[in-house]
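Let's take a walk through this structure, stopping at some helix contacts and then at the empty spaces. Keep the viewer open as you read.

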Amino acid sequence: MTDPLALKVADAVADLLADPDTAPVRPRTTTTDRQQLAYGPLGIALLHIERAAAGMGPWQRAHTWLAAATHQPFTSGPDSHPFYGAPALAHTVACATEHQPGPYQRALLHLDAQIDRDVHRRLDAAHCRIDAGGLPELAEFDTIRGLAGYGAYLLHRDPLSSTLSRVLDYCVRLTEPISDDGETLPGWWTTSGPSGRPDERFPGGHANSGMAHGIGGVLALLALAVRHGNTVVGHLDAIRTILAWLDRWQQETGTGVAWPYWVTRADLREGCPSPSAPRRPSWCYGTAGLARAQQLAALTLGDARRQVEAEAALVVALTDPAQLKATTDDGLCHGYAGLAHVAARIAADARPSTAGQLRAAIPALLSTVCSPGIDPATAAAALVQDEKAGPGFLDGAAGIALALLSSATTSPPLSAWDSCLLLA
């Protein structure tokens, strides 16, 4: 299956973003957002790296955007994280190095050494926190800012590394229950709201389920590490612990199952999640990301029933008008392009009957991003110049174009650009 219109729109986005000096983007893209993988030039470079790896564009475009990003030093140490500063740069450079090792290898080795130091520092602090009986912050363990995100990078670079093994050991400890105010909580319970800051709407904190900021990312990392041959003591039990938690809180939608974005202290005391309107089934939160994490875990454990249920949950989400109505943008993180990309990733590992259903749902998702009959240049201009979403990776045009490339052909990325999302 190939969607020619989606591919043309992706090409047109890449052409508009060919050069930072001529691209129709706000100045903040290469200044304020310079070190941000989510919004800045690094995400745009990823688009050009993937296209160049596929023989669809010149490597010079990727190099130009990387040069725009690195005209000043990058932040490292405590003020950086997987989507900001040196680790974000390392992910982008690593994607390029697999196809163009010469220009980037020396810089990447330097970045790897810095990341190794940062990860060990973070792990030492996390184990001290666990030893003291404290609750974690989301930024300790999540995919965007925490150790699951660092694990994603290490898995891409060297899946058998001892540093990754230490991260996996930490993930196992994170699943051990913890006592707080006389209540037994999962080890990933945090006192904050989903933003990572204190929130009066979350008295007593919450347990976050999402791929971006919750235990979904940890589950995906643990499962992917097994696929790559790196397991530690307690590894499979930790996977089962997370799955048991998700099973406990899954909800019937009337057409299938879904998982709450989070569980609050009130939910815990009531024994069921608070009623809510249908939520968008995105990568960052909800059914799409968690279906992939559960599918990966099921494949790891050889659990055929769970695999069928996880894949079916996404089929339902992609065909349920109520859930799709809750999706209101096109982006990779929580929009239609992201849904199409996750669907393609899940379909690649799915049982044949479910794979066919998922692939059958992708054209409708793509048509929401690229309306039939629209001029590709017009569609691309609208995406690039969207004031709210911007031209970047997580919400904006570059990420949408990357998702269009993979889902329009249902071919996996050649540059592993989505490894930072723990989808593969």
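When I say that residues of two helices meet, I'm talking about contact, which means heavy atoms within 4.5 Å. One more thing before we start: this is a predicted model.

With that in hand, go to helix H9 (residues 215-227) and helix H12 (residues 287-301). Their axes come within 8 Å and cross at roughly 35°, and the crossing of H9 past H12 is left-handed. Who touches whom? On the H9 side you'll find Gly216, Leu219, Ala220, Ala223, Leu224, Val226 and Arg227, and they meet Leu290, Arg292, Ala293, Gln294, Leu296, Ala297, Leu299 and Thr300 in H12. Sorted by class, that contact holds ten nonpolar, three polar and two charged residues.

Now move back towards the start of the chain, to helix H1 (residues 4-16) and helix H2 (residues 41-53). These two pack at an angle of about 120°, and their axes lie 10 Å apart. Angles of 65 to 115 degrees count as roughly perpendicular and those over 145 as roughly antiparallel, so H1 and H2 end up oblique to each other. Their crossing is left-handed. The contact brings Asp11, Val13 and Ala14 of H1 against Leu47, His48 and Arg51 of H2. That makes three nonpolar, one polar and two charged residues.

The next pair is H4 and helix H5 (residues 101-131), which pack at about 145° with axes 9 Å apart. H4, too, passes its partner H5 in a left-handed crossing. From H4, the residues in contact are Ala86, Pro87, Leu89, Ala90, Val93, Ala94, Ala96 and Thr97, and across from them sit Pro101, Tyr104, Gln105, Leu108, Leu111 and Ile115 of H5. You won't find a charged residue here: the classes come out as twelve nonpolar, two polar and no charged.

Stay with H4 for a moment, and turn to the empty space. How many cavities of 30 Å³ or more does a search of the whole structure find? It turns up one, with about 80 Å³ of space in it. Its lining is made of Pro82, Phe83, Pro87, His91, Thr143, Gly149, Tyr150, Ala152, Tyr153 and Cys420. Helix H4 (86-97) and helix H7 (147-157) are the elements that give two or more residues to that lining, and H7 gives the most, with four. Charged residues are missing from this lining as well, which divides into seven nonpolar and three polar residues. Notice Pro87, which also appears in the contact of H4 with H5.

Finally, the pockets. The largest one holds about 500 Å³ of space. It is lined by 29 residues, and those nearest its centre are Asp386, Lys388, Ala389, Gly390 and Asp395. Helix H16 (352-369), helix H17 (376-384) and helix H18 (397-409) are the elements that each give two or more residues to this lining, with the largest share, three residues, coming from H17. The classes here are eleven nonpolar, nine polar and nine charged.

The second largest pocket offers about 370 Å³. Of the 20 residues that line this pocket, Ala212, His213, Cys284, Cys333 and Leu394 lie nearest its centre. Its lining has 13 nonpolar, four polar and three charged residues.

Terms used
Residues are numbered from 1 along each chain as its sequence is written. This is a predicted model: local features need pLDDT of at least 70, side-chain atom pairs count only at pLDDT 80 or more; totals for chains, interfaces and linings use all residues. Side-chain values use heavy atoms; hydrogens and water are left out. On a 1 Å grid over the protein atoms alone, a cavity is a set of points where a 1.4 Å probe fits but cannot get out, and a pocket is an open set with protein on both sides within 12 Å along at least five of seven lines; lining residues have an atom within 4 Å of a point. Grid points are joined across faces, edges and corners, and a volume is the space filled by probe spheres set on the points. Ala, Val, Leu, Ile, Met, Phe, Trp, Tyr, Cys and Pro count as nonpolar, Asp, Glu, Lys and Arg as charged, and the others, Gly among them, as polar. Axes are lines fitted to C-alpha atoms, for helices over the stretch in contact, and angles run from 0 to 180 degrees between N-to-C directions. Angles under 35 degrees count as roughly parallel, over 145 as roughly antiparallel, 65 to 115 as roughly perpendicular and the rest as oblique. A crossing is left-handed if the near helix is turned anticlockwise from the far one by less than a right angle, and right-handed if clockwise.
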